[in-house]
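This briefing is for a reader who is new to the structure shown below. It takes up single residues, then helix packing, then the chain as a whole.

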Amino acid sequence: MGNTIIIGVTGPTGAGKSTLRLAFQERGCCVIDTDSIAREIVEPGQPALDELAKEFGGDIIRSDGTLDRALLARRAFISKEKASRLNAITHPKIAENLARKVIAARKQGLHAVIEAPLLFEARLDTRCDAVIAVMASRQVRINRIKFRDGLSAHAAHMRVNAQQDDEFYTSRTNYVIYNDGDTESFIKEGEKLIDKILREYAE
């Protein structure tokens, strides 16, 4: 393997970032999912949990000390302003945890892939050698997150409305891949793109 590289994968919710993740993993890359990190930093006893309760209401913490993610999501994704407050609390802690994981991957000689819906908002793109935006049409994304998260049509629309528009992603990335069709075709296109990036950046 040549030089180890850091690749960012971002895009709006429901576009298919996690599907592309599998192709990276098959090529031996260390995929770091910021959504997983986000769950780690709000476990019982973590400072972020208290900060979120102060901002969004103490009842987002259940009686057993765990976070009611559904309730937090309903309050945080009601507007871009509320979503920004959520990000301001969680992003610094996510970035710190992420940095440790990237260092560990490089010590093992592995390419690191950062899967982050909020890659640009958290300025994580500044740590990447290349960035891929996974995109899909609005209605396709709404349908996917309704099925994935068990949301009503209204809740799914609110979730999508709280996100950035398409140009926010496409104008900031090195590569854009669309995922409006079937999964098999998307994976094939993703594999071609991954191979291209690894050839260009890791040599």
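Thr 90 has a relative accessibility of 10%, so Thr 90 counts as buried (buried means under 20% relative accessible area, exposed over 50%, partly exposed in between, with a 1.4 Å probe and protein chains only). The model is predicted: local features need pLDDT of at least 70, side-chain atom pairs count only at pLDDT 80 or more, and totals for chains, interfaces and linings use all residues. Residues are numbered from 1 along each chain as its sequence is written, and side-chain values use heavy atoms, with hydrogens and water left out.

**Two buried residues of α5**

- Thr 90 lies in helix α5; helices (H or I, at least four residues) and strands (E, at least two) are DSSP runs, numbered from the N terminus.
- Leaving aside residues up to four places away in sequence, Thr 90 touches Ile 41 and Leu 52, where contact means heavy atoms within 4.5 Å.
- Thr 90 and Val 102 are twelve residues apart along the chain, and their C-alpha atoms are separated by 18 Å.
- Asn 97 is also placed in helix α5, which covers residues 80–107.
- Asn 97 counts as buried because its relative accessibility is 11%.
- Residues up to four places away in sequence again not counted, Asn 97 touches Ile 37 and Glu 40.

**α3 against α5**

- Two packed helices are described by the angle between their axes and the distance between the axes.
- The axes of α3 and α5 are 10 Å apart, and the helices pack at an angle of about 165°; axes are lines fitted to C-alpha atoms, for helices over the stretch in contact, and angles run from 0 to 180 degrees between N-to-C directions.
- That angle makes α3 roughly antiparallel to α5, since angles under 35 degrees count as roughly parallel, over 145 as roughly antiparallel, 65 to 115 as roughly perpendicular and the rest as oblique.
- α3 and α5 cross in a right-handed way; a crossing is left-handed if the near helix is turned anticlockwise from the far one by less than a right angle, and right-handed if clockwise.
- On the α3 side the contact includes Leu 52 and Phe 56, and on the α5 side Ile 89 and Thr 90 are among the residues met.
- The contact of α3 with α5 has six nonpolar, one polar and five charged residues (Ala, Val, Leu, Ile, Met, Phe, Trp, Tyr, Cys and Pro count as nonpolar, Asp, Glu, Lys and Arg as charged, and the others, Gly among them, as polar).

**α4, α6 and α7**

- Helix α4 (residues 69–76) has Leu 71, Leu 72, Ala 73 and Ala 76 buried.
- These buried residues of α4 pack against α3 (47–56), α5 and α7.
- Helix α6 (residues 138–149) and helix α7 (residues 153–161) have axes that come within 9 Å and cross at roughly 120°.
- That crossing angle makes α6 oblique to α7.
- The crossing of α6 past α7 is right-handed.
- Among the residues in this contact are Ile 142 and Ile 145 in α6, and Ala 156 and Val 160 in α7.
- By class, five nonpolar, two polar and six charged residues make up the contact of α6 with α7.

**The whole chain**

- The protein chain holds nine helices and five strands.
- Of its 203 residues, 43% count as buried.
- Among contacts in the protein chain with a separation of 6 or more, 71% come from residues 24 or more positions apart.
- Along the principal axes, the C-alpha atoms of the protein chain fill a box of roughly 50 × 40 × 25 Å.
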